[in-house]
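User: Please go through a few local features of this model, with the reasoning behind each.

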Amino acid sequence: MLDDSDNLADGQTDSDTRPAEPAESTDSDNEPAESTDSENGTDSDDTADRRRARRRTRTRRRTTEPPSTSGRAFQGNAVSGSLGVADEPAVSAVVENEPSQGDRAGEGEAVEDAGESAGPAPDEAGEPAQRIRRRRGRRGGRGRGGRRPREGGSASPVAAAEPEPTEAAVEPAEAGAAAAAGEGAVAKDASGDGSEDGPTRLRSQRQQGGSNRSKGRGGRRPGAVSEQTRWAINESPPKRMLISAGTKRTQVAVLEQRTLVEHFVTRKEDESIVGNIYLGRVQNVLPGMEAAFVDIGQGRNGVLYAGEVDYPTDTDDLEQDGELPRIEKTLKPGQTVLVQVTKDAMGTKGARLTQHLSLAGRFCVLAPGGGMLGISRKLAEEERARLRAILSELVPAGFGVILRTAAEGATREQLEVDVARLTRIWEKVSEKAQSAQPLEPVYEEPGLVMRVVRDVLGPEYQELVIDDVELAEQVRDYLSDVAPDLAGRVSVHADDQPIFDTYEATVQVRRALEKKVWLPSGGYLIVEKTEAMWVIDVNTGKFVGEDNLEETVLRNNLEAADEIARQLRLRDMGGIIVIDFVDMLAPANRDEVLKRFKRELARDKTKSRVMDISRLGLVQMTRKNVSHGLTETFTTTCERCEGRGAAIVDVFD
């Protein structure tokens, strides 16, 4: 609705341009003339007629004139809401085309200038029209919900009616100050001043991480997992581990009862180098990518990003404002650096490297040169408190220690032995690094079998079956040192039939390589891999349900959530994963499916992150991608279709 001040901005009203009507004549000279003012609180007839005429004029203008696209006139149309459905697009346009501060200042000046040029027509209260119109401009359009924005405020009526919470409103004051400092740094870079302050990607990650933590429990990291999640982890079915040492590849399978849930494989000619430490040589540094390529003697250069560089802590090497130096100022081509592999080379990408070194043990991870103390969040709060008290007395000077989930129930002596063993290993690594030649490994992780036994095997495993006698003795000796209670569970497979065939693991591996995965009730999954991500589609298939469609869809999606969590572990799917569940109308059903999916993922030792269900009904998640999965290991690209999955026909036949 256009208020009076807007009409004045466009032109004068009829009351300003129309000549005054003559006073009503009387037959008697003694009869007093009719009053035209409002001294007694009542209006004369001609004054009331003029007011009604003005209202009719404004109504005609509102219904005939198109709404203005700038200034207060456009806002008035959006606020009134009395013009029907035709005005609805104007509301969204206001949000998208919010006027700037300069436009708001211009609006106020236009209203005041128009008021000064208008004539002093009388009004209901006897005040000059100029003053009344100014007052209405400040109040808004005749009490219909429109309110003129304050100086520097939002000019959008929609935003004024329902303000969106800003980050400053939901974050603590400390987080807001940090965010303001970060914005200042970004603005400084954009203006051309201080573009060499530090690695911009690293600074952005730190600011984002600090903002995300501040939105939690007062900026603190979340504590232990919930009791329901711990129940899902501890109350899993009995497990069995199978190890097959073949001539071409070594395979490790994890079974829950008779169901295959995890599979590890390594080939003799392509073993994983994750965890190995090399004395590499910097080949070139790319400032635009904030990364360096390092030769580690593996035939393909590894990638060392700016966030993984061990920057010097001396004050002379830091920038004046305290920011870390850029990577090209720290690393130079030809320089030798000590790096550790965190991710195998995949496809056309080289191995991922880091200068933040660490050594993994049975119960803890030792981080040389750091002072961080950490405990797995999958442990109960009471257990975390007990381990924290022990850990504070065992950490050697100049080291950081992180306790793993396997440390649950570990005694002080066991933790002390594990820390001492890792400390001795680091001393040997340091000595070898001093005399090693470039491109030479200074530390190598154990083989696949020993690594899986160290990281995965726990009290929940009833049996560990190995088809090689010599390998079984090595595993038994290792467990006798780090976990004596598990050494007696190692056995040798003596049957002539292959160990995977005996426990029906071979058939399940072959099924895991197919696109379609059937669910118990008749639904199915379609699992496909693209260059960018994994895509999983859920379908009801043969499942028709019993009572109603929503219940049928819910049951199908719950079965799919369990199976998808299993497929993620079995196929070792990594990177971005998008899941398309069958559409559910009830929000409670969507929450139940997502909760079930996260609970099943809690059993996965690989780090993952799950987002909420989007408006399109998709679940987006990421899972850490460390090495080749099941598909990359047991499949090759088709020579005929070149991996497209279909042959191209000749269009000219």
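The questions below deal with one helix, one strand and two loop residues.

Analyst: This is a predicted model, in which local features need pLDDT of at least 70, side-chain atom pairs count only at pLDDT 80 or more, and totals for chains, interfaces and linings use all residues. Residues are numbered from 1 along each chain as its sequence is written, and side-chain values use heavy atoms, with hydrogens and water left out.

User: Over how many degrees around the axis do the buried residues of H20 spread?

Analyst: Helices (H or I, at least four residues) and strands (E, at least two) are DSSP runs, numbered from the N terminus. Helix H20 (residues 505-512) buries Ala505, Gln508, Val509 and Ala512, where buried means under 20% relative accessible area, exposed over 50% and partly exposed in between (1.4 Å probe, protein chains only). They lie on the same side of H20 because their arc, taken from the directions from the helix axis to the C-beta atoms, is only 105 degrees.

User: Which residues are exposed on the other side of H20?

Analyst: The buried residues of H20 pack against S3, H19, H21 and H23, contact being heavy atoms within 4.5 Å. Exposed on the other side are Arg510 and Arg511.

User: Which residue of S21 is the bridge partner of valine 610?

Analyst: Strands S20 (residues 608-610) and S21 pair in the antiparallel sense over three bridges; pairing requires at least two DSSP bridges. The partner of valine 610 in S21 is methionine 621.

User: What is the relative accessibility of glutamate 504?

Analyst: Glutamate 504 sits in the loop between H19 and H20. Its phi is positive, near 60 degrees, in a residue other than glycine. Glutamate 504 counts as partly exposed, at 45%.
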